[in-house]
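Welcome to a short tour of cysteines and charged side chains. Open your viewer, get ready to select residues by number, and follow along stop by stop.

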Amino acid sequence: QVELRASGGESVQQGGTLRLSCAASGVTEILKSMAWFRQVPGQEREGVASIEVDTRRGRTVYADSVKGRFTISLDNTKNTVYLQLNSLQPADTAIYYCGAGLFYRDWRLWGGDFDCWGPGTQVTVSS
């Protein structure tokens, strides 16, 4: 069993930055992927970025809407995935969730590929 705990969400001004963290605990050695998704109430959960849990490769996938602004990274020693959010816009306002999966797929960001989820952290960007 794997548990995920996300943190770092805050209210910021447009153009600001944030760093989200998601710590994994439990049987983490089985994980092959970690990711960030986000959801606005009343809308579908949207993939933001994913990263392969492999120190040799660490492939990443980003949603077009965040490319060049957000960066996903992984600290294997801490079993923690980070999401650096730069140049934040009001459209980035959402609850951000981290997920973890048993496989890595480098061609899509789809929630069904991830087997466990943590509670979300709220990011609010004001104009």
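For this tour, a disulfide is a pair of cysteine sulfur atoms within 2.5 Å. In this predicted model, that rule gives a count of 1 disulfide.

**Stop one: the cysteines**

Select C22 and C98 and show their side chains. A disulfide joins C22 to C98, with an S to S distance of 1.8 Å. Now colour the strands: C22 belongs to strand β3 (residues 18-26), while C98 sits in strand β9 (residues 94-101). The two cysteines are 76 residues apart, so this bond links distant parts of the chain, where distance is counted along the numbering. Add a surface if you like; both C22 and C98 are buried.

Next, pick C116. Which cysteine sulfur is nearest to that of C116? The sulfur of C98 is, at 8.0 Å, and C116 is in no disulfide. Is C116 buried or exposed? With a relative accessibility of 16%, C116 counts as buried, because the cut-off for buried is under 20%.

**Stop two: a buried charged pair**

Time to move on to charge. Side chains of opposite charge can pair when their charged atoms come close. The structure holds 9 salt bridges, and we will visit a few.

Select D92 and R38. Their closest N and O atoms are 2.9 Å apart, forming a salt bridge. D92 is found in the loop between β8 (80-85) and β9, and R38 is in strand β4 (residues 33-39). These partners lie 54 residues apart, and the pair links distant parts of the chain. Both D92 and R38 are buried.

**Stop three: R59 and its partners**

Now centre on R59. How exposed is R59? It has 31% relative accessibility and therefore counts as partly exposed.

Add E52 to the selection: the side chains of R59 and E52 meet in a salt bridge of 2.9 Å, N to O. E52 counts as buried, at 6% relative accessibility.

Then add D106, which also forms a salt bridge with R59, the closest N and O atoms being 3.1 Å apart. D106 lies in the loop between β9 and β10 (116-117), and R59 in the loop between β5 (46-52) and β6 (60-62), so the pair ties together parts that are 47 residues apart in sequence. With a relative accessible area of 38%, D106 is partly exposed.

**Last stop: a network**

Finally, select R38, E46, R69 and D92 together. Salt bridges that share partners join these four residues, R38, E46, R69 and D92, into one network.

Terms used
Residues numbered from 1 in each chain as written. Predicted model: local features only at pLDDT ≥ 70, side-chain atom pairs only at ≥ 80, totals over all residues. Heavy atoms only, no water. Helix = DSSP H or I, 4+ residues; strand = E, 2+ residues; numbered from the N terminus. Buried < 20%, exposed > 50% of the residue type's maximum accessible area, 1.4 Å probe, protein only.
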